[in-house]
Each structure stands twice: as C-alpha cells, then as structure tokens.
Amino acid sequence: MKNIILIVILTLLSCNSKKSEELIREEESIKIIKILIEEKGSELVKDFLSKENLPICINLKKVIVQTKCFEPTKINNKVIVMKLPEKSFNKQTEVCIEKIYKSKPINNSFFLKNDSLNIVNQNENFKPLKIPKNITLKFKTVELTKNIKITGKYIQFSIPIFSKDNKKAYLEFDHYSDTENSYGNSLYLEKVNGKWKIKYIEENWDI
C-alpha cells in the first residue's frame with residue numbers, strides 16, 4: 001500500500017513539474033515574440049517589392065525536430081503526379097537537429113550536448129500558441145480560422161525551441177510575399193541579464 005501511495009505522489013509531482021515547465025516556456029515564448037515585434041516589427045512586415053506592410057499571423061507554427069535526417073532512403077523510380085498544395089498558413093514544419101547544433105556561424109557551441117534530449121522532447125508539446133493581440137496593436141494581423149485557411153501574403157513566427165535551462169532559444173521566421181520575394185530565417189536567441197537578445201540570424205530558405 002505504501003509503495004502505491006509513493007508511486008502516485010511521484011507521478012503527481014512529475015506531472016506538476018512538466019506543467020510548470022510548459023508554462024515557463026509559454027511565457028518566455030511570448031516574451032521573445034514581443035521583443036522581436038517591438039524591435040524589428042516594422043522591418044519584418046515590410047514587403048520591399050510592393051512597399052506594403054504584410055499582416056502578422058498570430059498563430060505560431062510548430063517546428064518538429066527530426067533526428068534521422070540523413071538516413072539512406074530507398075530509390076523509387078516510379079513517376080508520381082502530385083498536386084501542388086494551396087498557399088495556406090503553416091501549422092507545422094520540420095528542422096534537422098543537426099541544423100540547430102551545427103550552424104557554422106555560431107561555431108557549433110550555442111546549444112550544449114545535454115540540451116539534445118530536452119530539445120527532442122519538446123516535439124511532444126502540441127499545444128497551439130497565439131500571439132496576444134496587445135502585442136500587435138500597431139500592425140495588421142491575420143488568424144487561421146475555420147473561415148480563413150488560405151492567404152497569399154503574411155509573416156509568421158514559430159514556437160521557440162528552448163535549451164534545458166530555458167536561457168537559449170531557436171525559432172523560425174517566414175516572410176510570404178510575392179513568389180520571388182519570399183524567404184525564411186532561423187533565429188538564435190539568448191537571455192542576457194533577464195532580456196532576450198538575438199545572437200544570430202541564419203537564412204533558412206528563399207524563393
């Protein structure tokens with residue numbers, strides 16, 4: 001009987017600890033997005049080709065960390081006709097853990113080895129996260145809803161991925177404008193003296 005009670009107590013403590021960690025990271029995520037919008041918002045929303053300001057998607061996309069990016073795959077010579085997807089909001093994308101760890105400009109030393117398991121475990125958190133509207137009062141916004149599922153032009157941030165001590169973070173920023181002027185960046189941030197600072201911005205993709 002004592003063993004059962006002990007197991008129940010340990011389980012409850014573990015669950016409470018996990019919930020507390022999720023709340024901390026949710027709060028830090030909003031702080032990061034707030035700083036990015038306050039300090040670089042005008043620059044990030046600007047479509048330099050059309051000179052218009054793009055709306056900010058308040059839905060943060062989820063980035064899944066993949067650990068088996070470079071495994072050999074079977075060759076398939078079968079021709080398959082695929083329908084191109086509609087231009088829609090991103091709910092989820094993927095990134096190789098090697099990209100997070102081996103970014104050359106930051107000398108492979110941003111995240112530590114003991115962060116790896118913690119980083120991968122963050123894949124399990126599928127709770128959707130939105131940017132509070134009070135952060136985007138000066139900007140146009142757009143939201144993924146049942147009625148609005150497709151849009152051509154917008155910018156979007158991802159939910160940050162944190163180090164074990166929650167003092168370093170990786171997130172992605174996507175800028176969807178005209179076809180030839182769309183791009184995405186990876187951002188590496190560190191909490192210094194209680195405030196999040198951008199340490200490095202790396203090109204992720206462009207068209």
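Me: Before we start on this predicted model, what does contact mean here?
Reply: It's a distance cut-off on heavy atoms, nothing fancier. Two residues are in contact when heavy atoms lie within 4.5 Å.

Me: Which residues of helix H1 (2-45) is Phe157 in contact with, leaving aside neighbours within four places in sequence?
Reply: Phe157's contacts include Ile56, Asn59, Leu60, Lys61, Ile131, Leu171, Glu172 and Phe173. H1 runs over 2-45, so going by the 4.5 Å cut-off the ones to pick from that range are Ile33, Leu36, Ile37 and Leu44.

Me: Which element gives the most to the largest nonpolar core?
Reply: That core has 26 residues, and Phe157 is among the members that touch the most others. Strands S5 (154-157), S7 (168-176) and S8 (183-192) each supply at least two residues, as does helix H1. The top contributor, with 8 residues, is H1.

Me: Is Thr136 buried or exposed?
Reply: Thr136 sits in the loop between helix H3 (116-121) and strand S4 (141-142). Beyond four places in sequence, Thr136 touches Ile37, Ile56, Ile131 and Thr141. Its relative accessible area is 4%, and the cut-off is under 20%, so Thr136 is buried.

Me: Asn166 and Asn193 each have a positive phi; which one is exposed?
Reply: Most residues other than glycine have a negative phi. Asn166, with phi of about 60°, is in the loop between strand S6 (161-162) and S7 and is buried at 10% relative accessible area. The other has phi near 50° and lies in the loop between S8 and strand S9 (195-206). With a relative accessible area of 81%, against a cut-off of over 50%, the exposed one is Asn193.

Conventions: Residues are numbered from 1 along each chain as its sequence is written. This is a predicted model: local features need pLDDT of at least 70, side-chain atom pairs count only at pLDDT 80 or more; totals for chains, interfaces and linings use all residues. Side-chain values use heavy atoms; hydrogens and water are left out. Helices (H or I, at least four residues) and strands (E, at least two) are DSSP runs, numbered from the N terminus. Buried means under 20% relative accessible area, exposed over 50%, partly exposed in between (1.4 Å probe, protein chains only). A nonpolar core is a set of buried Ala, Val, Leu, Ile, Met, Phe, Trp, Tyr and Cys residues joined through side-chain atoms within 4.5 Å.
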